[in-house]
Amino acid sequence: MSERLVVIGGGGSGTAAATIAKRCNPDLHVTLFSEFPDIAYSPCGIPYAHGREIPEFKSLFLSTVQRYVEDGLDMRMETTVTDIDLDRRTVTARNKHEGFDKLILCTGFLWEQPAQEALEKLGVNVRMGTKLLGFTGGADGRVRAVSTSAGELECDVAVICLHKLPNTSLATSIGLELGTLGAVVVDDHMRTSAPGVWAAGDLIEVPHGLSMLPITGLTGSHAYAQGRVAGANAAGEDRTYDPVWIPWGFMSGDYTIGGFSIGETLAEAMGIPYVVAKGVGVSRARYFPGAARTHVKLLAEPGTLRLIGGQLHGGEGIKERCDFLAFVAKRGATLDDLAWMENIYSPPIGALYEPIQIAAQNGLAEHARAREQVPA
């Protein structure tokens, strides 16, 4: 009889865990439970759908349930798991019991509710129990009102902003260890405190690569990678998930801001010593149309000059540079390594990492001047 793997959650980590487990061990019977009717949904694209950069919300669905069925997965859509019995190795859904040998929890997050009393003391008009129905715009294309179940509220700006909390209800019900952030504790194989149970995605906490402090609520790409590791290990492989250096980025119009690990404010708050290296380069060859300035600030460990953080802003190529910096920082790269590294060049993209090299070279020069000023 085939081993039975149950995956609870149909987000990035859940779909990754289920598909990788089946790929690594085709004989494994993999069942995925999701409370929703659709799969492979990208919530990160919601702002762009609202902004009409993505014409339709349905474009945010990257695959279909049928595709996963064709890959050999037992898909249980619109089916909520209400109970787990680790002793009997069963899950309960729709008042029926389903057996399993191995279990992966990928239950994601919940939105934190507003702190009503504190907000009202600040003069905020809090509308509890009120459903958001939509937005009303004027002829100029700007929002003019918010339509709710309690009527229309006039406004000049509408901001949707809620904090994510780990959805640990099932994990708590079976006694899994939670960490200081209220998320599930896992090791580098995504194993929980219970034998034969893994977890991945927004319900777990993982260590930061520099400080080794736990963090949670990361991106979809982190959830997907964690799900891959959990699925592979549940299928019998031996994969590890490294502490994270968190490359990040976002766009404001055609301008991009990004970074990785920590910046100066967080370094100072955590008491982490650092030196700064700054530089300005261009996104393409200087003579090529569309060339834009790229600003780079790097943080390095005093003495060793090992890379520990950075922030970048400018036009194109910020994302690639942040990914690169997070990867080389994980590998222990120094400002000296960056200053003398190889660099691709082509006029439409310029020397992609030239701004980083400029910052590193400036940092080395500043470090050398500082050392010369130290009395013998």
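How many residues does the largest nonpolar core have, and which residues have the most contacts inside it? This report starts there and then moves through the strands, the helices and the cysteines of this predicted model.

## The nonpolar cores

The largest nonpolar core holds 51 residues, and those with the most contacts inside it are Ile-8, Ile-84, Val-91, Leu-103, Ile-104, Leu-105 and Met-190. Strand S1, covering residues 4-8, gives the most to this core, with 4 residues. A general tendency fits in here: in soluble globular proteins, nonpolar side chains tend to be buried together.

Leu-103 is a good residue to look up in the structure. Leaving aside neighbours within four places in sequence, Leu-103 is in contact with Leu-5, Val-6, Ile-8, Ile-84 and Val-91, and also with Gly-196, Val-197 and Trp-198.

There is also a second, separate core of 34 residues, with Val-296, Ala-300, Leu-312 and Met-341 among its members.

## The protein as a whole

Stepping back, the protein has 10 helices and 23 strands. Its C-alpha atoms fill a box of roughly 75 × 55 × 45 Å, taken along the principal axes. Of the 376 residues in the protein, 42% are buried. Contacts between residues at least 6 apart in sequence can be sorted by how far along the chain they reach, and 56% of them join residues at least 24 apart.

## A sheet of three strands

One part to trace by eye is an open sheet of 3 strands in the order S4-S5-S6, paired in the antiparallel sense. Strand S4 (81-85) and strand S6 (96-99) stand at the edges with a single partner strand each, so one side of each has no neighbour in the sheet. From one strand to the next, the twist averages 25°.

Strand S5, residues 90-93, pairs with S6 over 4 bridges. Within this pairing, Val-91 stands opposite Glu-98 in S6. Val-91 has already appeared above, as one of the residues with the most contacts inside the largest core.

## Strand S18 and its partners

Strand S18 spans residues 255-261 and is mostly covered, with 5 of its 7 residues buried. The table sets out two pairings of this strand.

| Strand paired with S18 | Direction | Bridges |
|---|---|---|
| S17 (residues 248-252) | antiparallel | 5 bridges |
| S21 (residues 307-314) | antiparallel | 6 bridges |

S17 and S18 form a hairpin with 2 residues between them, and Gly-253 in the turn has a positive phi of about 70°. Beside that turn, Ser-252 has Tyr-255 in S18 as its bridge partner. Towards S21, Gly-259 stands opposite Gln-311.

## Two residues in strands

Is Thr-294 buried or exposed? Thr-294 is found in strand S20, residues 293-300, and is buried, with a relative accessible area of 0%. Not counting residues up to four places away in sequence, Thr-294 touches the run Gly-279, Val-280, Gly-281, Val-282 and Ser-283, together with His-313, Ile-318, Arg-321 and Pro-355.

Gly-151 lies in strand S11, residues 151-154. Gly-151 is partly exposed, with a relative accessible area of 30%. The C-alpha atoms of Gly-151 and Leu-132 are separated by 9.7 Å, and these two residues are 19 residues apart along the chain.

## Two helices that cross

Where do two helices meet? The axes of helix H1 (residues 12-24) and helix H6 (residues 220-234) come within 7 Å and cross at roughly 35°. The crossing of H1 and H6 is right-handed.

On the H1 side, the residues that meet H6 are Gly-12, Ser-13, Ala-16, Ala-17, Ile-20, Ala-21 and Cys-24. On the H6 side, their counterparts are Ala-223, Tyr-224, Gly-227, Arg-228, Gly-231 and Ala-232.

## The cysteines

How many disulfides does a search of the whole structure find? The search finds 0 disulfides. Cys-106 is in no disulfide, and the nearest cysteine sulfur, that of Cys-24, is 15 Å away. A disulfide here needs two cysteine sulfur atoms within 2.5 Å, so a separation like this one falls outside the cut-off.

The surroundings of two cysteines can be set side by side. Cys-106 is buried, with a relative accessible area of 5%, whereas Cys-44 is exposed, with a relative accessible area of 55%.

Methods: Residues are numbered from 1 along each chain as its sequence is written. This is a predicted model: local features need pLDDT of at least 70, side-chain atom pairs count only at pLDDT 80 or more; totals for chains, interfaces and linings use all residues. Side-chain values use heavy atoms; hydrogens and water are left out. Buried means under 20% relative accessible area, exposed over 50%, partly exposed in between (1.4 Å probe, protein chains only). Contact means heavy atoms within 4.5 Å. A nonpolar core is a set of buried Ala, Val, Leu, Ile, Met, Phe, Trp, Tyr and Cys residues joined through side-chain atoms within 4.5 Å. Two strands pair if DSSP finds at least two bridges between them. Axes are lines fitted to C-alpha atoms, for helices over the stretch in contact, and angles run from 0 to 180 degrees between N-to-C directions. A crossing is left-handed if the near helix is turned anticlockwise from the far one by less than a right angle, and right-handed if clockwise.
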